[in-house]
Amino acid sequence: MKTVACQCGSVRLELDDLDILGSVLCGCSECRLVNTILHGLGGPVVTSCLRAVYLKAGHFRIVETSSEPCARRLRLSARSTTRRLFCARCRSVIAMRHAMYAESVFALPVDLVRSDFEIDCSPQAYVGMIDFDQDFGLIDDALPLFHSFRYQQELRRFLSIARFSEIVSLHPHGSRHPIDDELNRLPVMDLDHGLQEHELVQPSCLG
Ligand SMILES: [Zn+2]
Ligand SMILES: [Zn+2]
């Protein structure tokens with residue numbers, strides 16, 4: 001059993017049969033909005049792109065470790081196709097699951113979580129760069145760069161990179177994985193109209 005936790009430890013992921021598939025630096029507007037929220041709440045400043053690691057797990061369980069439940073399903077907008085596991089106490093994102101992911105795949109914002117095992121995977125591509133309107137400030141000029149997977153030719157080129165083909169399901173309406181059931185049972189926190197203060201768990205009342 002391996003675990004990944006949020007910054008404060010109130011929300012934990014229990015994982016088994018893990019496989020690291022790859023890593024990207026994501027410049028998309030959703031990831032940057034999450035970074036802005038974290039920064040606004042005193043969290044780490046992510047000035048460039050978010051580093052995400054794709055993993056595959058046979059076992060995926062969300063565990064609350066404090067008396068007051070903090071785990072939420074963060075929805076950035078009605079159009080968003082990514083569900084995010086969020087801690088309402090430390091305001092951090094623990095995992096992401098896009099509608100296109102294969103059934104046992106999820107992503108970790110690896111620099112923003114704490115894990116009890118080594119997640120050693122250097123980025124292999126930049127993705128979502130069509131949204132990234134700042135000076136790119138690229139960490140590695142040699143990495144392939146993708147603007148948007150709305151363009152089929154870009155998606156095909158991305159999936160041709162070793163192991164990235166395992167991330168996306170060609171049959172996204174197939175059988176559901178326990179990851180979906182785990183995320184779907186959580187209360188939704190909607191960011192469409194800003195983060196509502198009353199929905200957050202206060203950092204002082206540590207259970
Ligand atoms: Zn937390
Ligand atoms: Zn992103």
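This report describes the fold, the nonpolar core, the strand pairing and selected residues of a predicted model.

**Overall composition**

The chain has 207 residues, of which buried residues make up 33%. Its secondary structure comprises three helices and twelve strands. Among contacts with a separation of 6 or more, 70% are between residues 24 or more positions apart.

**The nonpolar core and strand β9**

In soluble globular proteins, nonpolar side chains tend to be buried together. Here the largest nonpolar core has 48 residues, and those with the most contacts inside it are Cys26, Ala52, Cys87, Ile94 and Phe106. Strand β4 (residues 50-56) supplies the largest share of this core, namely five residues.

The surroundings of Ala52 can be listed in detail. With neighbours within four places in sequence left aside, Ala52 is in contact with Ser23, Val24, Cys26, Met96, Ala107, Leu108, Pro109 and Val110. Of these contacts, Ala107, Leu108 and Pro109 belong to strand β9 (residues 105-109).

Strands β4 and β9 run antiparallel and are joined by five bridges. Within β9, Phe106 stands opposite Leu55. Phe106 is also one of the residues with the most contacts inside the largest core.

How many of the five residues of β9 are buried? Five of the five are, so the strand is largely enclosed by the rest of the structure. In a regular strand the side chains alternate between the two faces of the sheet. In β9, Val105, Ala107 and Pro109 lie on one side, Phe106 and Leu108 lie on the other, and all are buried, so that both faces are covered.

**The open sheet**

Four strands form an open sheet with antiparallel pairing, in the order β5-β2-β1-β10. Strands β5 (59-64) and β10 (114-115) stand at the edges; each has a single partner strand, so one side of each is left without a neighbour in the sheet. The link between strand β1 (residues 2-5) and β10 consists of two bridges, and the two strands run antiparallel. Val4 has Ser115 in β10 as its bridge partner.

Lys2 also lies in strand β1. Its C-alpha atom is separated by 5.1 Å from that of Leu15, although the two residues are 13 residues apart along the chain. Beyond residues up to four places away in sequence, Lys2 touches Leu15, Asp16, Leu18, Asp116 and Phe117. Lys2 has 16 other C-beta atoms within 10 Å and is therefore partly exposed.

**Positive phi in residues other than glycine**

Two loop residues have a positive phi although neither is a glycine: Asp17 and Arg163. The table gives the angle, loop and surroundings of each.

| Residue | Phi | Loop | C-beta neighbours inside 10 Å |
|---|---|---|---|
| Asp17 | near 50° | between β2 (11-16) and β3 (19-26) | 11 C-beta neighbours |
| Arg163 | about 75° | between α2 (152-159) and α3 (178-184) | 14 C-beta neighbours |

Is Asp17 buried or exposed? With 11 C-beta neighbours inside 10 Å, Asp17 counts as exposed, because a residue is classed as exposed at 12 or fewer. Arg163, with 14 such neighbours, counts as partly exposed.

Methods
Residues numbered from 1 in each chain as written. Chains lettered and ligands numbered in written order. Predicted model: local features only at pLDDT ≥ 70, side-chain atom pairs only at ≥ 80, totals over all residues. Core = buried A, V, L, I, M, F, W, Y, C linked by C-beta atoms within 7 Å. Buried ≥ 20, exposed ≤ 12 C-beta atoms within 10 Å, placed from the backbone. Contact = placed C-beta atoms within 7 Å. Pairing = 2+ DSSP bridges.
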